[in-house]
Amino acid sequence: MPHSSKKAKNATIVHSGASYFFKGFSLIRQKGVRRFVFIPLAINALLFSVAFYFVYLELNNYMTRIMAWLPSWLDWLSVILWPLAVLTILVIFSFVFSTVANWLAAPFNGLLSEKMEAILSGQEAPKGNMLDIVKDVPRTLSREWQKLSYYLPRAFGFFIILWVLPIIGQIIWFLFVAWMMAIQYKDYPFDNHKIPFAQMKAILKQNQSVSYSFGITVAVFSMIPIVNLVVMPVAICGATALWVDYYQDKV
């Protein structure tokens, strides 16, 4: 491909991170990857059903106690507090939920990304089996631990801001979640190519608009009930397509 043509291609991708997430919806229907989509989907469905039930009960009890504590002349605050509480819980829950699900499905997610990359690159898909997945568990969990170690100290600070600065705190937290969503899902193809975690972050920071547009879209869809069940495989396929079209030339 001529240099000018390649440059134009990258310029188009620079501002279209979100489009790659939407592209994932069609990619998960590709022949040869459907069985790898099913396992993350099943894990998501099970975790979400259990977690959402307990989160809803706790939120209802929490808001009931707050409204009982407030004087009667402040009852009107419920109109503001309920939407704010629901939004906050959805933003927090969407990331916590996806983090737990990704830990459990990490070996399968890496395999899904590997298969998708082979299809998009026109190469023969590697013939992985359950034994290969088991062998990869230590490495994939080690990578997930690196993500968690990066996330936790920052999440602690942003979580404090979330409660200290209403509205602004929620916006800052949401942007942080969006960045982490981009790291979480874009990391699978990077990890498949043994790209160190620190190098992967540096590459993503070179064009943050791509990561934020992708991450924001993932975060929004993660907050939509039922739809969020397919977010994991969709985001993995979309992130892998982004690797094939854009990031692999930067490594």
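**Note on an all-helix predicted model**

1. Helix α8 covers residues 208–222, 15 residues in all. From its first C-alpha to its last it reaches 20 Å, close to the 21 Å expected at 1.5 Å a residue. Its buried residues are V210, S211, F214, G215, T217, V218, A219, F221 and S222. This is a predicted model, and every point below should be read as such.

2. The overall fold is helical. The protein has nine helices and zero strands. Along the sequence the pattern reads α-α-α-α-α-α-α-α-α. Of the 251 residues, 45% are buried. Among contacts with a separation of 6 or more, 80% join residues 24 or more positions apart. The accessible surface comes to about 12,900 Å². Carbon and sulfur atoms account for 70% of that surface.

3. Next, the charged residues. The salt bridge count is five. R143, E144, K147, D187 and D191 are linked in a network of salt bridges. Within the network, D187 meets R143 at 2.6 Å, N to O. This pair links distant parts of the chain, with D187 in helix α6 and R143 in helix α5, 44 residues apart. Both D187 and R143 are buried.

4. D187 also forms a salt bridge with K147. Here the closest N and O atoms are 3.2 Å apart. Again the pair links distant parts of the chain: K147 sits in helix α5, D187 in helix α6, and 40 residues separate them. K147 and D187 are both buried.

5. K147 has a further salt bridge, to E144, at 2.9 Å, N to O. This bridge stays inside helix α5, where E144 and K147 are three residues apart, about one helical turn. An α-helix has 3.6 residues a turn, so residues three or four places apart point the same way. How buried are E144 and K147? E144 has a relative accessible area of 2%, and K147 has 3% relative accessibility. The cut-off for buried is under 20%, so E144 counts as buried, and so does K147.

6. Q184 lies in helix α6. At 7% relative accessibility, Q184 is buried. The side chain of Q184 makes a polar contact with the side chain of Y188, at 3.1 Å. Leaving out residues up to four places away in sequence, Q184 touches N102, E144 and K147. E144 and K147 are the salt-bridged pair of point 5.

7. Y188 is in helix α6 too. Its relative accessible area is 4%, so Y188 is buried. Which residues does Y188 contact, leaving aside neighbours within four places in sequence? They are N102, A106, N109, G110, S113, E144, K147 and I236. One of these, G110, is 78 residues from Y188 in sequence. In space the two are 5.5 Å apart, C-alpha to C-alpha. N102, E144 and K147 appear in the contacts of Q184 and in those of Y188.

8. T240 is placed in helix α9, residues 231–245. Its relative accessibility is 0%, so T240 counts as buried. The side chain of T240 reaches the backbone oxygen of I236 at 2.7 Å. I236 is itself one of the residues in contact with Y188. Setting aside neighbours within four places in sequence, T240 is in contact with S113, M116, E117, L120 and P189. S113 is among the contacts of Y188 as well.

9. Finally, the surface. F156, I160, V164, L165, I167, I168, I171 and L175 make a nonpolar surface patch of about 770 Å². The elements giving two or more residues to this patch are α5 (130–164) and α6 (168–192). One patch member, L165, is found in the loop between α5 and α6. L165 is partly exposed, with a relative accessible area of 39%. Helices α5 and α6 thus come up twice in this note: they contribute to the nonpolar patch, and they hold the buried salt-bridge partners R143 and D187.

Technical notes. Residues are numbered from 1 along each chain as its sequence is written. Side-chain values use heavy atoms; hydrogens and water are left out. Patches are made of residues with over 30% relative accessible area and no salt bridge: like charges are joined within 9 Å, nonpolar side chains (Val, Leu, Ile, Met, Phe, Trp, Tyr) within 5 Å. Accessible areas come from the Shrake-Rupley method with a 1.4 Å probe; for residues, only the protein chains shown count as cover. A salt bridge is a side-chain nitrogen of Lys or Arg within 4 Å of a carboxyl oxygen of Asp or Glu. Helices (H or I, at least four residues) and strands (E, at least two) are DSSP runs, numbered from the N terminus. Buried means under 20% relative accessible area, exposed over 50%, partly exposed in between (1.4 Å probe, protein chains only). The expected span of a helix is 1.5 Å times one less than its number of residues. A polar contact is a pair of N or O atoms within 3.5 Å; within protein, one must be able to donate a hydrogen and the other to accept it, and residues adjacent in sequence count only if both atoms are side-chain atoms. Contact means heavy atoms within 4.5 Å.
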